[in-house]
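Q: Please give a close, connected account of the aromatic groups in this structure and of the sheet that accompanies them. Where do the rings and strands lie, and how are they arranged?

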Amino acid sequence: MVSRRQLIFTATAGLFAAASRRALAAPPAASDPVAIVTAIYTRAAKGKGDGGGAFVIENKAAKAKYLSKSLVELWAKADAHTPKGDVGPVDFDPVTNSQELDVKSFKVVATSLEAEKAVIAVTIAGRNTPTRKPADQTVRYDFVRDAGDWKIDDIKGSSDGEPWSIRDMLAGSLKN
């Protein structure tokens, strides 16, 4: 005969086992900087890989989803400072570091991962883009904790070997 104590023990052990299996099977947190950048490039490389990453910065909702509050505010100031009809300080796709929007493959590496900030580097290979300088194939993302979530605080790369930073471009446009 099963005692009440044995029944309670068996039921409790079963609950713990089920909970631990669910915890082990859980996917990585979407708020992990590596997972965020991997998701961005997975989407950019879908289909023929010509969709690019403009979805990260295409409107206020997208910016709020991906970017830190301070970067969103700086971008809004830069947009407000841009004369009507002009393109604005960011006239390319910073995710693909190009006008071509071409992503065949990518490699994501966390170069720094701390409690409140992280730097993620992505090396991109395109299908149809001409061979670029090695530095031009890497885009770096500075992440910060923003209200508990990881958000992009800057995107950096280089064009023809010359470094660029989205934050610097936006701030520079306010000086003109």
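A: **A charged residue and the aromatic pairs**

The side chain of R43 sits over the face of F55, at 3.8 Å from the ring centre. This model is predicted, and the values given here are computed from it.

Four aromatic pairs are found when the whole structure is searched. One of them joins Y41 and F106, whose rings are tilted, with 5.6 Å from centre to centre and 40° between the planes. This pair links distant parts of the chain: Y41 belongs to helix α2 (residues 33-45), F106 belongs to strand β1, and the two are 65 residues apart. Y41 is buried because its relative accessible area is 0%, whereas F106, at 27%, is partly exposed.

Another pair is made by F55 and Y66, in an edge-to-face arrangement with 6.1 Å centre to centre and 70° between the planes. F55 lies in the loop between α2 and α3 (60-66) while Y66 is in helix α3, so the pair ties together parts that are 11 residues apart in sequence. F55 counts as buried because its relative accessibility is 9%. Y66 is buried as well, with a relative accessible area of 13%. The ring of F55 is thus paired with Y66 and also has R43 over its face.

A further grouping concerns Y41, F106 and Y141, which form one aromatic cluster. Y141 falls within the residue range of strand β3 (residues 138-146), and F106 is in strand β1; the account therefore turns to the sheet, whose strands pair through backbone hydrogen bonds.

The sheet is open and has five strands in the order β1-β2-β3-β4-β5, with antiparallel pairing. Its edge strands are β1 (105-113) and β5, each of which pairs on one side only. From one strand to the next, the twist averages 25°.

Within the sheet, strand β2 (residues 117-125) is joined to β3 by seven bridges in the antiparallel sense, and T123 stands opposite T138 of β3. T138 itself counts as buried because its relative accessibility is 14%, a value under the 20% limit for that class. Apart from its neighbours within four places in sequence, T138 is in contact with A121, V122, T123, K156 and G157.

Strand β3 also pairs with β4, antiparallel and over seven bridges, and D142 is set opposite D154 in β4. These two strands form a hairpin with two residues between them, and A147 in the turn has a positive phi of about 55°.

Strand β4 (residues 149-159) is mostly covered, with eight of its 11 residues buried. Four bridges connect β4 to strand β5 (residues 162-165), and the two run antiparallel. K156, one of the contacts of T138, stands opposite S165 in β5. The hairpin of β4 and β5 has two residues between the strands, and D160 takes a positive phi near 50° there. Beyond the strands, helix α5 (residues 166-173) lies across β4 and β5 and runs at about 75° to β5.

Terms used. Residues are numbered from 1 along each chain as its sequence is written. This is a predicted model: local features need pLDDT of at least 70, side-chain atom pairs count only at pLDDT 80 or more; totals for chains, interfaces and linings use all residues. Side-chain values use heavy atoms; hydrogens and water are left out. Buried means under 20% relative accessible area, exposed over 50%, partly exposed in between (1.4 Å probe, protein chains only). Two strands pair if DSSP finds at least two bridges between them. Axes are lines fitted to C-alpha atoms, for helices over the stretch in contact, and angles run from 0 to 180 degrees between N-to-C directions. Contact means heavy atoms within 4.5 Å. Rings of Phe, Tyr and Trp (its six-membered ring) pair if their centres lie within 6.5 Å; planes under 30 degrees apart count as stacked, over 60 as edge-to-face and the rest as tilted. A charge sits over a ring if NZ of Lys or CZ of Arg is within 6 Å of the ring centre and within 35 degrees of the ring normal.
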